[in-house]
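Here are my notes on the model, as numbered points. I've stuck to burial, the surface patch and the empty spaces.

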Amino acid sequence: MRLLRSAMRFGYVPSQLLLINGLALHAIATGASAFWLAALLAAAIALSFGAERIAPYTADWNRSHGDAARDVVHAVVNEFSNFASLAAIPLLAGAGLGLGVWPRSWPFTLQVLAAILVLDLGITGCHYASHRLPWLWRFHAVHHSAERMYGFNGLMKHPVHQSIEMVAGTAPLIALGMPLEVGTALAFCTAVQLLLQHANVDFRLGPLRGWLAAAEIHRLHHRRDAALGGVNFGLFTTLGDRLLGTLCDVPPGLRLRSVDIGIAAEPDYPRGYLAQLRRPFAST
């Protein structure tokens, strides 16, 4: 068991980033059936939940706090909206809204990496604004109301905030003329990244910790303390945080518990799905 735990700590992130994403990019580039993407996404989710039980960061976070069913609904609704929004890409391109300057001659993987960087900066900026603009925070607070951190937290978002973030990240890409295939790969990689960013896995990134916006540093963003919560906004990388001056490394010896995360100013935040959807409008 100790060997398996060690293997998961060092192999979880490469398995998701390189193996799962790599297979998905190959499937998209070769025109494989959408069935294979669905199967790979299911594999990514299964790997995340399996790793959380083999090498948990905090064992208590593997136990439902009365939130499991709600988080599944959040995940299904928001993941469906992510992929459904891809249908708008060819429509917008056909309407002449794109500049048609996308580097289609580049290798497919390089196109996807370029799209990830653009999306990352756009969403990082929107995320940063969500902690500073009261009207935007009301919608983003749904995400921060979580009382534990595990894979599905990444998709625990109010649909309004989810839509705003996606527009902030994808509008520049659509304007450049991003092809549908690249958009599909981008949506898949984003789903996997959200698992990595919130996973309850005690993994090790070594020197990459300062560059990848994974759970190892993103947990600090969910601290109840408002000052510490205002750090590490990046989705894929820490490039945006480096530009904003909001990158923060994990203090030596720090181990977060459920009492350390959430919204200190709103300890009685609604827990039910529909109540969370109504909350931002009740706060106006």
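1. R219 is worth a look to begin with: its relative accessible area is 5%, and anything under 20% counts as buried, so this arginine is a buried one. Keep in mind that we're looking at a predicted model. R219 sits in the loop that runs between α9 and α10 (226–229). In sequence R219 is 202 residues away from L17, and the C-alpha to C-alpha distance between the two is 19 Å.

2. L17 also turns up at the largest pocket, where L17, N21, L113, I116 and F236 are the residues nearest the centre, out of 19 that line it. Two or more lining residues come from each of α1 (2–29), α5 and α8. The largest share, six residues, is from α1. I get about 410 Å³ for the volume of this pocket.

3. What is the chemistry of that pocket's lining, by nonpolar, polar and charged residues? The split is 14 nonpolar, five polar and no charged.

4. Now the closed spaces. There are two cavities of 30 Å³ or more. The largest cavity holds about 100 Å³, and 13 residues line it, with H127, K157, E165, Q197 and L235 closest to the centre. Its lining takes at least two residues from each of α5, α6 (134–144) and α8, and α8 gives the largest share, three residues. By class, the lining of the largest cavity has four nonpolar, seven polar and two charged residues.

5. The second largest cavity comes to about 60 Å³. Its lining is made up of N82, I123, K157, Q162, E165, M166, T190, L194 and L235. α7 (159–176) and α8 are the elements that give two or more residues here, and α7 gives the most, with three. Sorted by class, the lining of this second cavity has four nonpolar, three polar and two charged residues.

6. On the outside, look at the nonpolar surface patch formed by L117, L121, W211, L239 and L243, which together have about 500 Å² of accessible area. α5 (108–130) and α11 (239–244) each put at least two residues into the patch.

7. Where does W211 lie? W211 is in the loop between α8 (180–198) and α9 (215–218). Is W211 buried, exposed or partly exposed? W211 has a relative accessibility of 42%, and because the partly exposed class runs between 20% and 50%, W211 counts as partly exposed.

Definitions and conventions:
Residues are numbered from 1 along each chain as its sequence is written. This is a predicted model: local features need pLDDT of at least 70, side-chain atom pairs count only at pLDDT 80 or more; totals for chains, interfaces and linings use all residues. Side-chain values use heavy atoms; hydrogens and water are left out. Patches are made of residues with over 30% relative accessible area and no salt bridge: like charges are joined within 9 Å, nonpolar side chains (Val, Leu, Ile, Met, Phe, Trp, Tyr) within 5 Å. Accessible areas come from the Shrake-Rupley method with a 1.4 Å probe; for residues, only the protein chains shown count as cover. A salt bridge is a side-chain nitrogen of Lys or Arg within 4 Å of a carboxyl oxygen of Asp or Glu. Helices (H or I, at least four residues) and strands (E, at least two) are DSSP runs, numbered from the N terminus. Buried means under 20% relative accessible area, exposed over 50%, partly exposed in between (1.4 Å probe, protein chains only). On a 1 Å grid over the protein atoms alone, a cavity is a set of points where a 1.4 Å probe fits but cannot get out, and a pocket is an open set with protein on both sides within 12 Å along at least five of seven lines; lining residues have an atom within 4 Å of a point. Grid points are joined across faces, edges and corners, and a volume is the space filled by probe spheres set on the points. Ala, Val, Leu, Ile, Met, Phe, Trp, Tyr, Cys and Pro count as nonpolar, Asp, Glu, Lys and Arg as charged, and the others, Gly among them, as polar.
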